[in-house]
2 protein chains.
Amino acid sequence: MQRVTLQTIADRVGVSRTTVSNAFSRPDQLNEELRRRILEVAGELGYPGPHPAARTLRRGRAGVIGVIFTEELSYAFADSYAVGFLRGLAAVAEQSGTGLHLIGWPSPDVAEEVIADAVVDGFCLFSPEGHPLVETVLRRRLPVVTVDYPYVEGVPFVGIEDRAAARAAAEHVLGLGHRRVAVLGVQPAPGRTDRDWLDLDRPGDLRFGAGRARLAGYHDACVGAGLEWKDVVLDRTANDRELARQAAFRILDRSPRPTAILAPTDEVAFAVLDVAAHLGIEVPGELSVVGFDDVPAAAPAGLTTVRQPITEKGTTAGRLLLEPAREPAPCVLMPTELVVRRTTAPPTDAGV
Amino acid sequence: MQRVTLQTIADRVGVSRTTVSNAFSRPDQLNEELRRRILEVAGELGYPGPHPAARTLRRGRAGVIGVIFTEELSYAFADSYAVGFLRGLAAVAEQSGTGLHLIGWPSPDVAEEVIADAVVDGFCLFSPEGHPLVETVLRRRLPVVTVDYPYVEGVPFVGIEDRAAARAAAEHVLGLGHRRVAVLGVQPAPGRTDRDWLDLDRPGDLRFGAGRARLAGYHDACVGAGLEWKDVVLDRTANDRELARQAAFRILDRSPRPTAILAPTDEVAFAVLDVAAHLGIEVPGELSVVGFDDVPAAAPAGLTTVRQPITEKGTTAGRLLLEPAREPAPCVLMPTELVVRRTTAPPTDAGV
DNA sequence: GTCCTCTTCTTAATCAATTCAGAACTAAGG
DNA sequence: CCTTAGTTCTGAATTGATTAAGAAGAGGAC
């Protein structure tokens with residue numbers, strides 16, 4: 001059986017292809033009676049409607065934006081921060097009838113192909129740790145907005161001042177009197193490890209991702225408070241509950257034990273709280289913990305953390321993408337705020 | 001400036017359009033040296049690569065599947081159950097380089113248009129409460145799998161036995177000795193309310209959504225345990241934390257207060273726990289609570305609930321969609337299991 | 001020299017629509 | 001009766017690629 005197209009229907013009804021097209025897309029362009037007959041025949045023949053790819057090709061608009069992650073999609077959906085961002089993005093996209101095409105990161109070459117083949121009107125690059133495929137994305141010559149990292153000259157950007165925000169978090173803890181402080185860095189996803197990543201000789205700036213920038217902020221605060229950076233306990237983990245647990249265990253197993261831990265994300269902070277509970281360490285009595293992000297689960301858990309406007313980041317990114325491009329490319333830095341809850345307190349063991 | 005297409009490059013290099021196409025899509029079909037020259041010229045001209053819509057049109061394959069929700073996307077991302085499902089679906093989709101096109105439900109007509117215009121190879125209908133646009137989706141004549149509801153003859157299906165699972169949950173509570181039981185029904189999203197929805201004369205079967213089916217299961221257990229259904233406290237809510245809180249408050253405000261509440265989703269159960277804590281009602285001392293789904297937050301909260309394999313539902317749906325269609329259309333009912341944790345106990349107030 | 005095969009490239013058809021300019025017809029105004 | 005405007009429909013060009021079939025030339029075997 002031949003495929004049913006506009007032409008099939010046109011032949012059957014005895015009108016031109018154009019008229020059938022109009023019956024579907026521009027009802028005002030033809031007689032109501034004829035239109036009814038056309039739609040009726042279309043129904044009889046089981047016509048699936050105008051072919052979306054053909055339509056997109058001719059119209060030059062897909063009605064979809066691509067959202068590109070640095071991780072596997074399945075991983076992104078497990079991350080409250082990513083999901084919260086999507087929530088905001090989806091909200092504005094939906095209002096204009098725009099769909100979301102989610103693109104994950106199973107492997108570099110698959111991702112490259114998927115990006116090249118995506119039928120979209122623009123891309124949102126969501127990557128807390130920088131994105132290796134920026135080149136591939138820019139080559140498509142579509143509107144792009146990057147979120148968090150990397151900042152690319154001339155490309156609209158949405159992010160926060162990670163370094164300053166992290167510094168504020170650390171200063172809060174140091175201000176409470178803590179001196180035995182541990183810092184957890186979140187490193188790029190497995191397989192993309194940068195060996196020099198923890199080397200702070202290079203300042204953590206926009207190019208190195210949120211993990212590095214926050215680390216640099218902790219560094220600023222510690223040095224500012226008169227601590228030697230080398231005396232600060234330093235460990236790294238990925239933004240994964242299980243790996244973070246292992247790192248937390250390494251830190252809490254030390255002697256003397258740190259009295260405060262600065263976690264680069266709430267997810268990592270939750271892992272620290274887990275392990276502390278498991279080891280019978282009282283929070284905040286024996287241990288202060290600070291997170292970062294203020295994901296929805298942070299408030300019920302009483303976690304002291306840095307709030308960033310997660311959903312608003314999504315709505316802002318969506319607007320930058322859907323609204324006509326502005327010159328120069330906007331670079332939006334959203335506000336952050338330290339939220340003090342019940343996981344931080346002055347150290348009880350006041351000595352060094 | 002004219003748009004750069006394959007033809008532009010072909011003219012510039014002095015070869016045919018076909019050869020340029022091959023340079024991008026089938027490197028083995030032409031001389032390596034010529035290919036390098038073509039790609040070089042493409043780079044100079046800023047060619048964005050073969051046009052995805054044109055490619056899709058000709059090839060007849062998009063490499064994307066559409067996932068259709070019954071709610072706004074922004075709402076779906078707030079729902080752990082939906083996100084868990086997506087996680088599973090994304091996992092199998094990614095393996096075959098397939099993208100996900102997420103389609104929400106801002107309004108009926110927008111959704112209809114988006115479905116008609118989606119450049120996809122198939123649809124996954126994710127709808128715990130039935131889906132009003134099944135017709136629109138089927139009209140596209142693409143592979144479809146429905147998840148949870150509705151079950152459509154001849155269309156692959158993934159779901160659970162809601163009614164039986166809910167019955168098991170209720171029997172657990174009744175078995176503990178509870179007699180003053182309250183039941184919460186989750187109703188379709190606002191604006192799609194069915195007035196007769198709570199009328200149990202019509203059995204809650206596959207056509208009426210998970211909310212109805214679970215309600216029917218609670219009903220079965222109560223009647224089976226010798227309770228009069230009219231003595232069971234019945235209220236309804238949506239699957240939304242705030243609305244569920246209001247419903248919980250209505251129930252817990254009654255006198256005599258129920259000693260057990262059966263919640264149709266974990267989200268609703270959390271709201272009940274919240275309100276109970278707020279009112280100083282001890283769980284499980286004064287009140288037993290059972291949820292449904294076993295979302296990730298259920299275990300840390302100690303919530304007794306019905307576990308359904310959320311992520312596995314996603315992977316199963318993905319496979320049914322991506323693998324060649326089977327005859328007859330598979331209808332997969334996944335196993336459920338009652339998980340007893342710390343929110344259920346025998347009633348202390350043993351009287352009626 | 002002829003035949004055959006390989007590699008490399010081209011020609012022309014095809015995918016399924018949208019859109020612009022214009023034709024045919026009707027009705028109203030002068 | 002002629003002009004003008006409005007409605008309804010058609011023809012042809014256009015969107016940007018892929019693909020099957022075939023042509024041209026080189027090289028090897030006999």
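By class, the surface near DNA strand C has nine nonpolar, ten polar and six charged residues, where Ala, Val, Leu, Ile, Met, Phe, Trp, Tyr, Cys and Pro count as nonpolar, Asp, Glu, Lys and Arg as charged, and the others, Gly among them, as polar. The model is a predicted one, in which local features need pLDDT of at least 70 and side-chain atom pairs count only at pLDDT 80 or more, while totals for chains, interfaces and linings use all residues. Residues are numbered from 1 along each chain as its sequence is written, and chains are lettered from A and ligands numbered from 1 in the order in which they are written.

DNA strand C is surrounded by 25 residues, and the closest are A:Thr5, A:Ser21, A:His51, B:Ser16 and B:Leu30; a residue is near a molecule or strand if its C-beta atom, placed from the backbone, lies within 6 Å of it. At least two residues of this surface come from each of H2 and H4 of chain A and H2 and H4 of chain B, the helices (H or I, at least four residues) and strands (E, at least two) being DSSP runs numbered from the N terminus. Around DNA strand D there are likewise 25 residues, with A:Leu30, B:Thr5, B:Ser21, B:His51 and B:Ala54 the closest. The elements that give two or more residues to the surface near DNA strand D are helix H2 (17–25) and helix H4 (52–59) of chain A, together with helix H2 (17–25) and H4 of chain B, and the residues of that surface divide into nine nonpolar, ten polar and six charged.

The relation between the two protein chains comes next. A turn of 180 degrees and a shift of 0.1 Å along the axis lay chain B on chain A with an RMSD of 0.1 Å, the copies being superposed by least squares on the C-alpha atoms of residues with pLDDT of at least 70 in both. That is the relation of a two-fold axis, and in chain B the C-alpha nearest the axis is that of B:His101, 2.2 Å from it. The same surface serves both copies, since 100% of the contact residues of chain B recur in chain A; two residues are in contact if their C-beta atoms, placed from the backbone, lie within 7 Å.

The contact takes 42 residues from chain B and 42 residues from chain A. On the side of chain B that touches chain A, two or more residues come from each of helix H4 (52–59), helix H5 (73–76), helix H6 (80–95), strand E2 (99–103) and helix H7 (108–117) of chain B, and the largest share, seven residues, comes from H6(B). By class, this side of chain B has 23 nonpolar, ten polar and nine charged residues.

Strand E2 (residues 99–103) of chain A and E2(B) pair in the antiparallel sense over three bridges, where two strands pair if DSSP finds at least two bridges between them. Within this pair, A:Leu102 stands opposite B:Leu100 in E2(B). The two strands belong to an open sheet of twelve strands with mixed pairing, in the order E11(A)-E5(A)-E4(A)-E3(A)-E1(A)-E2(A)-E2(B)-E1(B)-E3(B)-E4(B)-E5(B)-E11(B). Strand E11 (331–334) of chain A and E11 of chain B stand at the edges, each with a single partner strand, so one side of each is left without a neighbour in the sheet.

Towards the chain B edge, four bridges join E5(B) to strand E11 (residues 331–334) of chain B, and these strands run parallel, with B:Val158 opposite B:Val332 in E11(B). Two bridges join strand E4 (residues 144–148) of chain B to E5(B), also in parallel, and B:Thr146 has B:Phe157 as its bridge partner in E5(B). From strand E5 (residues 157–160) of chain B, B:Phe157 and B:Gly159 point one way and B:Val158 and B:Ile160 the other way, and all are buried, a residue being buried if 20 or more other C-beta atoms, placed from the backbone, lie within 10 Å of its own, exposed if 12 or fewer, and partly exposed in between.

Chain B also holds an open sheet of four strands, with parallel pairing and the order E7-E6-E8-E9. Strand E7 (233–237) and strand E9 (288–290) of chain B stand at its edges, each with a single partner strand, so one side of each is left without a neighbour in the sheet. Strand E6 (residues 181–186) of chain B pairs with E7(B) in the parallel sense over five bridges, and the bridge partner of B:Leu184 in E7(B) is B:Asp235.
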